[in-house]
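Visitor: I would like a close look at a single part of this model. Please be brisk, and then place that part among its surroundings.

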Amino acid sequence: MAERAAVSREREFHFTSRDFEQIRRLIYEHAGISLSPAKMDMVYSRIARRLRATGLTTFEEYLDFLDSNPDEWPHFTNSLTTNLTSFFRESHHFPVLAELALEARRQGRRPVRLWSSACSTGEEPYSMAMTLIEAFDSWTPPVRILATDLDTNVVRQAAEGIYAMDRVGKLPEAQLKRFFLRGKGARAGQARVRPEVRALIEFQPLNLLSEHWPIREPFEAIFCRNVMIYFDKPTQAKILSRFHPLLRPDGLLFVGHSESLAHVANLFRLRGKTVYAPVHTN
């Protein structure tokens with residue numbers, strides 16, 4: 001039994017603690033993601049796919065290859081990011097968003113600008129767009145949504161707006177009929193977001209740790225939900241300090257259910273359930 005157990009743990013590629021520590025350092029420096037020692041098996045599994053794709057036989061070779069091939073960096077980063085999401089996740093946020101947008105419009109702001117800063121495969125920004133189409137009772141509400149993500153693969157998927165039916169099946173039937181087109185023939189079992197919804201959103205790849213964000217205008221709202229949990233406190237504070245000037249004084253920052261901004265109380269104050277307003281001192 002002991003021999004069989006040992007064989008079952010054998011790996012296709014040689015993988016050392018030194019390899020793991022180097023990968024931890026690289027993904028932290030490049031993307032701010034802090035991997036715990038418990039993630040060693042996960043890292044092996046995900047990066048092993050890149051060894052197969054590149055035809056390399058050791059992690060040491062792969063890390064040398066990564067160092068000399070800039071085109072490999074997006075694949076490396078995409079392999080280690082997690083994209084767990086769903087439509088109308090943390091549903092209590094969307095009525096708050098609707099009222100915020102309506103009030104901004106009453107004050108004459110047009111368009112109302114919103115940012116989904118870790119949009120993953122698109123469910124979050126599409127939920128935002130659907131919420132505001134309903135709130136303004138118009139297919140062309142005065143809204144522009146910027147949707148960004150570190151993972152270039154999921155940004156492309158999000159822009160397509162095509163989902164398996166099991167991804168949209170939990171939506172109320174009225175929303176499903178209104179906002180999605182069901183696939184037929186080769187597309188059976190899939191649904192595509194209606195073009196009127198997609199037209200409200202601009203998808204772009206963006207690393208939140210990049211020195212330069214190609215973003216200018218202030219936002220009524222920034223969604224950064226279930227992202228900060230992957231960063232250590234100094235990285236969180238750095239990103240949040242950059243969000244602060246991009247929010248209007250009466251804007252809101254939406255975060256995930258397990259995230260708190262108590263460590264940046266000088267920048268944000270709690271306004272509601274996982275909803276924060278920027279602090280401004282005169």
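Guide: What follows starts with one strand and then moves outward to the other sheet, the helices and a database record. The model is predicted: local features need pLDDT of at least 70, side-chain atom pairs count only at pLDDT 80 or more, and totals for chains, interfaces and linings use all residues. Numbering runs from 1 along each chain as its sequence is written, and side-chain values use heavy atoms, with hydrogens and water left out.

The part is strand S5, residues 190–193. Helices and strands here are DSSP runs, numbered from the N terminus; a helix (H or I) has at least four residues, a strand (E) at least two. S5 belongs to an open sheet of 3 strands, in the order S3-S5-S4. The pairing is antiparallel. Two strands pair if DSSP finds at least two bridges between them. The edges are strand S3 (162–164) and strand S4 (180–182). Each has a single partner strand, so one side of each lacks a neighbour in the sheet. On average, neighbouring strands of this sheet are turned by 30° against each other, direction ignored. Axes are lines fitted to C-alpha atoms, for helices over the stretch in contact; angles run from 0 to 180 degrees between N-to-C directions.

Now the pairings. S3 joins S5 through 3 bridges. Across that pair, Tyr 163 stands opposite Ala 191. Ile 162 has Arg 192 as its bridge partner. S4 and S5 also run antiparallel, over 3 bridges. There, Phe 180 is partnered by Val 193.

The two faces of S5 come next. Ala 191 and Val 193 make up the covered face. Gln 190 and Arg 192 make up the uncovered one.

Take Gln 190, which sits in S5. Its relative accessibility is 26%, so Gln 190 counts as partly exposed (buried is under 20%, exposed over 50%, partly exposed in between; 1.4 Å probe, protein chains only). Leaving out residues up to four places away in sequence, Gln 190 touches Ile 162, Tyr 163, Ala 164, Met 165, Leu 181, Arg 182 and Gly 183. Contact means heavy atoms within 4.5 Å. Asp 166 is 24 residues from Gln 190 along the chain, yet their C-alpha atoms are separated by 8.5 Å.

Move out to the other sheet. It is open, has 7 strands and runs S6-S2-S1-S7-S8-S10-S9. The pairing is mixed. Strand S6 (201–205) and strand S9 (268–272) are the edges, each pairing on one side only. The twist from one strand to the next averages 25°. Within the sheet, strand S7 (residues 219–223) pairs in the parallel sense with strand S8 (residues 247–254), over 4 bridges. Phe 219 has Leu 247 in S8 as its bridge partner. Helix H12 (residues 233–243) packs on the sheet and touches S1, S7, S8 and S9. The direction of H12 makes about 140° with that of S8. Helix H7 (residues 123–136) lies across strand S1 (112–116), strand S2 (143–149), S6 and S7. H7 runs at about 170° to S2.

Next, helix against helix. Two packed helices are described by the angle between their axes and the distance between the axes. Helix H2 (residues 17–31) and helix H5 (residues 73–80) have axes that come within 11 Å and cross at roughly 100°. That makes H2 roughly perpendicular to H5. Angles of 65 to 115 degrees count as roughly perpendicular, under 35 as roughly parallel, over 145 as roughly antiparallel, and the rest as oblique. From H2 come Ile 23, Leu 26, Ile 27, His 30 and Ala 31; from H5 come Trp 73, Phe 76, Thr 77 and Leu 80. By class, this contact has 7 nonpolar, 2 polar and no charged residues. Ala, Val, Leu, Ile, Met, Phe, Trp, Tyr, Cys and Pro count as nonpolar, Asp, Glu, Lys and Arg as charged, and the others, Gly among them, as polar.

Last, the record. An unreviewed UniProt entry lists residues under "binding site", including Asn 83, Thr 85 and Glu 124. UniProt positions use the numbering given here, feature names are shortened, and annotations may be inferred rather than shown by experiment. Thr 85 lies in the loop between H5 and helix H6 (93–106). Not counting residues up to four places away in sequence, Thr 85 touches Ser 120, Thr 121, Glu 123 and Glu 124.
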